[in-house]
Amino acid sequence: MSYKYNSAEPIKVKLSSLTVQQQFLLRDSKTFCIYPWIHLHTYPTGQTYPCCHADMNYPVGDAKENTLNEITCSKDMCRLRKDMLAEKMSKECQRCYEQEEAGFFSGRKSANKHHGHHIDLITDRVYGDGVITRFKMTYWDIRFSNLCNLSCRSCGHIFSSQWYSDQAELADGDWKEHNKSLNIAGRFKGDMLEQVLEHIDDVEQIYFAGGEPLIMDEHYYILEELEKRKRFDVRLIYNTNFTRVNLKDRLVFDYWKKFDSVSVGASLDAMGPRAEYIRKGTKWADVEYNRKRMLEICPNVDFYVSATLSILNALHLPNFHKDWVAKGFIKPQDFNINILQDPQHYRIDVGLQAYKDKIKKVYQEHIEWLKEQDHLERATNGFQSAIKFLAGNNNELQKFWQKTNQLDAIRNESILDFIPEIKEIL
């Protein structure tokens, strides 16, 4: 059976084998998500969330103060699970609700689809109070640090060590005196690695992101531990800027070719000089060289572009998509759009109406190009959902220019040199 990208059907369990209540939770519920039963997500700052899609304003714990097990059993997490089971919307999950409203296949739906086979963890015993008796972390997504080699426009110091000097200049007061360039999650160095390795016999899927995972020691240590245990069945998923594919003498391609399932989402938002402006530190020639090398060493590893769609690349993205298809780097379907929701001044709905109309027209034409080529409908759905998202009313345009001009001055750049079409929203 072919994989249905936008289907909510769980892929590792038959719905017919589940109770009516379990079927409802996985397929029809507007609030339920399996993640709070099998997973926690920790930022490099130690702030901990139910998952990486959760609203940053509402952490459920601090990994610099408590263990993952303690946070899982905390009052906030029990309340979240209880609310999900009661069809009550949660403040932590607003991003998924917004994505679903715009037609996106949200992180919540993806969680239930790929991890729904753990629905038996939710027994009658815990339906009422959201309590979990034993935490088995089968899905890992721990950001061990903010170590990164890029300083992307839509990012910041929390997720990138390279943002430190820019942030120090942008911040008021004595920010630099109270912050370090490198943030490390956990109560001490190595704490988070020790904690996740306690679950290595339970783990089924690991999501590596950053910072930049391909330059982190923890990433390679985990791969080596899995290799020692011959756990090549563990599914590896990546979000990487794909500018660096080795750490010292360790080439990541040599590891990937040993595992049964590896999926690499390359965070590429544009090509050429535009890419180097939006994701500062990028050398575009290196990115294309890495893709060619990957095709030679591990051609069967799933690879797709995971583009962050913002006002910075809104009109350029279809051209980039077509270019990489023409070069044989991806198939038309291997293009995933992540709609930028924060910071709001970079969202695609920040533009003037005429500019938004222009984006809509370009996307409609691009969808026509995709129609007979996108068998997964992943790329098609992304562009269609972006059109819906354009209908939003964002009043942050003045802030966009203010923040852009500030950062341009610090970096000695000018946005119009790299993204000339953006002058239409001056």
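**The sheet, helix 14 and the cysteines**

Okay, so we have nine strands in an open sheet, order 3-2-1-4-6-7-10-12-13, with mixed pairing. Strands here are DSSP E runs of at least two residues, helices are H or I runs of at least four, both numbered from the N terminus, and two strands pair if DSSP finds at least two bridges between them. The edges are strand 3 (61-62) and strand 13 (335-339), each pairing on one side only.

Quick caveat: this is a predicted model, local features need pLDDT of at least 70, side-chain atom pairs need 80 or more, and totals for chains, interfaces and linings use all residues. Numbering starts from 1 along each chain as its sequence is written, and side-chain values use heavy atoms, leaving out hydrogens and water.

Back to the sheet: strand 10 (residues 262-266) and strand 12 (residues 302-309) run parallel over four bridges, and Gly265 has Tyr304 as its bridge partner in strand 12.

Now helix 14, residues 317-326. Leu317, Pro318, Phe320, His321, Trp324 and Val325 are buried there, meaning under 20% relative accessible area with a 1.4 Å probe, protein chains only. They sit on the same side of helix 14 because they cover an arc of only 160 degrees around the axis, taken from the directions from the helix axis to the C-beta atoms. Their cover includes helix 13 (284-297), strand 12, strand 13, helix 15 (353-370) and helix 16, where contact means heavy atoms within 4.5 Å. Just after helix 14, Gly328 has a positive phi of about 80 degrees.

Last bit, how many disulfides does the whole structure have? Zero, with the cut-off being two cysteine sulfur atoms within 2.5 Å. For Cys51, the nearest cysteine sulfur is that of Cys52, 5.4 Å away.

Key. Buried means under 20% relative accessible area, exposed over 50%, partly exposed in between (1.4 Å probe, protein chains only).
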